[in-house]
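Here are my notes on the model you asked me to look over. Have the structure open while you read, and try finding each spot yourself.

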Amino acid sequence: MSGLNLLALVAEIEAEEQRRRNAIAVALMRPSLPRPVNTLSFLNGIPAPPSPPPRNALAEALGHQTAKPPMKPLSFWGGITADTAIPPLPTIKRSVFYSFHYGDVIRVNNVRHAEQFKAKILEVPQSHYDRSLWENSERTNPDSLKQLIREGVKNTSVTCVLIGSNTWLRPWVRYEIARSVIEGKGLLAVDINSINHHKDRYPHPLGPNPLAYMAVGKMQDGTFRLFEKNMRVVDEQRHWSWDRYANYTLAVPLPKYLPEPAIGYVIPLDHGVFRYDARRDDVWKNMPAWLNLAAVRAGRQ
């Protein structure tokens with residue numbers, strides 16, 4: 001090797017060593033990233049996604065990359081993805097109470113009757129039973145309607161709230177949700193505005209989640225009561241507040257799918273109830289598994 005080539009090789013080795021020393025110095029001054037906190041750890045029945053190991057900056061500087069474990073996607077406000085939602089359990093045939101606004105009846109029936117049609121066409125038993133009522137019942141007396149809802153919810157294991165644009169405003173939907181908490185039923189929510197409308201043939205923007213407007217609060221005596229979120233206009237300003245639910249003021253059990261709030265605080269139901277999208281998450285295929293999962297998370301056999 002000529003003297004010129006040898007000098008070039010030595011210079012290259014020294015430059016590489018200097019780069020490594022610089023990388024090590026930077027790594028030693030760089031704080032390790034903290035382990036991420038799993039904000040969904042309170043959701044019983046769903047295994048928490050694996051957390052990546054602490055980042056080793058020194059090893060990275062020396063060129064030893066730590067393999068990252070595969071992560072399943074989670075969407076907090078949208079519930080969880082359908083793949084993650086399907087429980088690793090045998091699906092049990094459940095009785096479901098569908099809670100909905102009658103103005104969404106076409107989209108509602110698109111979901112409710114799909115199971116019946118599928119069972120009939122394939123000549124197989126239905127995977128779940130529909131025990132829901134109709135909001136336009138001939139009974140108009142409030143006490144009579146309450147009794148009808150109580151009987152409907154009592155004979156089911158799961159309540160599925162089908163969310164349209166104005167479902168969150170319907171007082172009878174709130175009552176059905178309240179009775180589901182009182183009776184210890186499973187709860188889930190499914191957005192149906194993603195289904196094409198029967199008139200304009202287009203999906204519509206998703207409506208507010210009714211479960212975000214119903215909550216369980218902890219009282220000074222340690223009992224739990226139902227609350228609902230209401231809006232008032234004061235001096236032309238809108239004010240939201242959590243009020244005791246007037247249609248049921250007795251103590252209720254804390255749902256197993258909710259974390260326990262502190263005394264004087266409420267925990268909205270949507271903090272522990274999964275929300276799905278009819279089209280994105282394929283409600284026609286996955287509804288039986290969702291119903292079973294909701295029942296299991298509520299502690300029902």
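The points below go through a few local features, one at a time.

1. Before anything else, keep in mind that this is a predicted model. Everything I mention below is computed from it, so to speak, on paper.

2. Let's start with helix α7, which covers residues 283-297. How many of its 15 residues are buried? Twelve of them are, so α7 is largely enclosed by the rest of the structure. The buried set includes V283 at the start of the helix and R297 at its end. In the middle you'll find a run of buried residues from N286 through M287, P288, A289, W290, L291, N292, L293 and A294 to A295.

3. Now follow the path of α7 with your eye. Where is its kink centred? Look at A289: the helix bends there by about 25°. A289 is also one of the buried residues of α7.

4. Both sides of α7 have something for you to check in the backbone. Just after the helix, G299 has a positive phi of about 90°. In the loop between β9 and α7 sits D282, and its phi is positive too, near 55°, although D282 is not a glycine. D282 is partly exposed, with a relative accessible area of 30%.

5. There is another non-glycine residue with a positive phi: R201, at about 65°. You'll find R201 in the loop that links β4 (186-191) and β5 (214-218). Is R201 buried or exposed? R201 counts as exposed because its relative accessible area is 53%, and the cut-off for exposed is over 50%.

6. Next, have a look at D270, in the loop between β8 (266-268) and β9 (275-277). This charged residue is buried, yet has no salt bridge. Which side chain of opposite charge is nearest to D270? That would be R275, and it is 6.6 Å away, while a salt bridge needs the charged atoms within 4 Å. The side chain of D270 does have a polar partner, though: it makes a polar contact with the side chain of H271, at 3.1 Å.

7. Last stop, the surface. M231, V233 and W240 together make a nonpolar patch of about 300 Å². W240 belongs to strand β7, residues 237-244. W240 is partly exposed, with a relative accessible area of 41%. Why can W240 count towards a patch? Because its 41% is above the cut-off, which asks for over 30%.

How values were computed
Residues numbered from 1 in each chain as written. Predicted model: local features only at pLDDT ≥ 70, side-chain atom pairs only at ≥ 80, totals over all residues. Heavy atoms only, no water. Patch = residues over 30% accessible without salt bridge, like charges linked within 9 Å, V, L, I, M, F, W, Y side chains within 5 Å. Areas by Shrake-Rupley, 256 points an atom, 1.4 Å probe, with all protein chains shown as cover. Helix = DSSP H or I, 4+ residues; strand = E, 2+ residues; numbered from the N terminus. Buried < 20%, exposed > 50% of the residue type's maximum accessible area, 1.4 Å probe, protein only. Bend = angle between axes of the 7 residues up to and from the residue. Lys, Arg positive; Asp, Glu negative; His and termini not counted. Polar contact = N/O pair within 3.5 Å; in protein donor to acceptor, adjacent residues only side chain to side chain.
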